[in-house]
Amino acid sequence: MRRCPWVAEAAMVAHAWAPSLLPPRVMRTLSSTSPRPAPLCVVSPHLDDAVFSCGMLLASRPGSIVCTVFCGEPHPPQCTPWDRCAGHADSSEALRARIAEDEQALAILGAQAVRLPFLDSQYGATPTIDALARALTRMWREAGSPRLVVPLGLYHSDHVLVGDACRSLVREERLSDTLVYEDALYRTIRGVARARYEALAQEGFRFSPLEDSMAASLSPPRSANAKWRAVHAYRSQLRALRDAHPYDLAEPERYHLIDPPRQGTSPVRYELTAR
Ligand SMILES: [Zn+2]
């Protein structure tokens, strides 16, 4: 999560997912640690978004996967305003610290990490939607095709990009049980979420309220408590945010079911029941 997208000088970007080339701390494969399919796979643009937006859901479904997209480390290291605000000397130090924070947070929630090596937009060289969609599809299949939980993709260019790539996956695989979550903090910007729902409805995507059984699992105090502790593991990011929006991180999480466009049907009228 970042409040402002900075674009740095050109940097290397991973345009394809190549696990064999990745050091272990960037990419952890699931096959050796996960004999059973994960209940959910939450796609997270940055290291913190899944927990900020879906921490209670993750706490209620232990063993779920959090797949974070922008975990790549630029070479040579870069110094950006955001990393400095978070207390890091350069991008290498920032990535090390942020991955350690993420490990701590996911351990609290009983979730397992998959980290893709794409570069955060603050380091430049943003990947294409197709490259992200291919990497996400491969990750999802290798994880046993668990139920997906994907960002609506609000405001920040990295979030919009990941949202678009996830919807490409939903469309190509014709998935009908995917959950879409409203990106924490950015969802508080007036009109942003509604505009996104309306644009996607024009493309033929259909949204419906979360099923009762899933909704009921979101509210137990134990899940809320675990989320709150996990959120505070991201110390450097909270420092950079200067605790500007902590109230949103304690607000109810918001989800909808998303259905891909159906062939031969016209765009659907946007009518949304919030949950
Ligand atoms: Zn983010």
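**Exercise 1. In what order do the 7 strands of the open sheet lie, and which are the edge strands?**

Solution. The order is β3-β2-β1-β4-β5-β7-β6, with mixed pairing. Strands and helices here are DSSP runs numbered from the N terminus (strands E, at least two residues; helices H or I, at least four). Two strands pair if DSSP finds at least two bridges between them. The edge strands, β3 (112-115) and β6 (206-209), each pair on one side only. Next, take one pair inside the sheet: β1 (residues 40-44) and β4 (residues 147-151) run parallel and are joined by 3 bridges. Leu-40 has Arg-147 in β4 as its bridge partner.

The model is predicted: local features need pLDDT of at least 70 and side-chain atom pairs count only at pLDDT 80 or more, while totals for chains, interfaces and linings use all residues. Residues are numbered from 1 along each chain as its sequence is written.

**Exercise 2. Find how many residues of α1 are buried, and what α1 gives to the largest nonpolar core.**

Solution. A residue is buried if 20 or more other C-beta atoms lie within 10 Å of its own, exposed if 12 or fewer, and partly exposed in between, with C-beta atoms placed from the backbone. By this count, 12 of the 12 residues of α1 are buried. A nonpolar core is a set of buried Ala, Val, Leu, Ile, Met, Phe, Trp, Tyr and Cys residues joined through C-beta atoms within 7 Å. The largest one has 74 residues, and Val-42 and Val-149 are among those with the most contacts inside it. Helix α1 (residues 49-60) supplies the largest share of this core, 8 residues.

**Exercise 3. Which residues of α6 are buried, and which are exposed?**

Solution. In α6 (residues 192-202), the buried residues are Ala-193, Arg-196 and Leu-200. Seen down the axis of α6, these fall within an arc of 60 degrees (taken from the directions from the helix axis to the C-beta atoms), so they line one face of the helix. On the other side, Arg-194, Ala-195, Ala-199 and Gln-202 are exposed. Just after α6, Gly-204 has a positive phi of about 105 degrees.

**Exercise 4. Why does Tyr-155 count as partly exposed, and Arg-174 as exposed?**

Solution. Tyr-155 is in the loop between β4 and α5 (157-173). Tyr-155 counts as partly exposed because it has 19 C-beta neighbours inside 10 Å. Arg-174 is in the loop between α5 and β5 (178-181). Arg-174 counts as exposed because it has 9 such neighbours. Phi is positive at both non-glycine residues: near 70 degrees for Tyr-155, and near 55 degrees for Arg-174.
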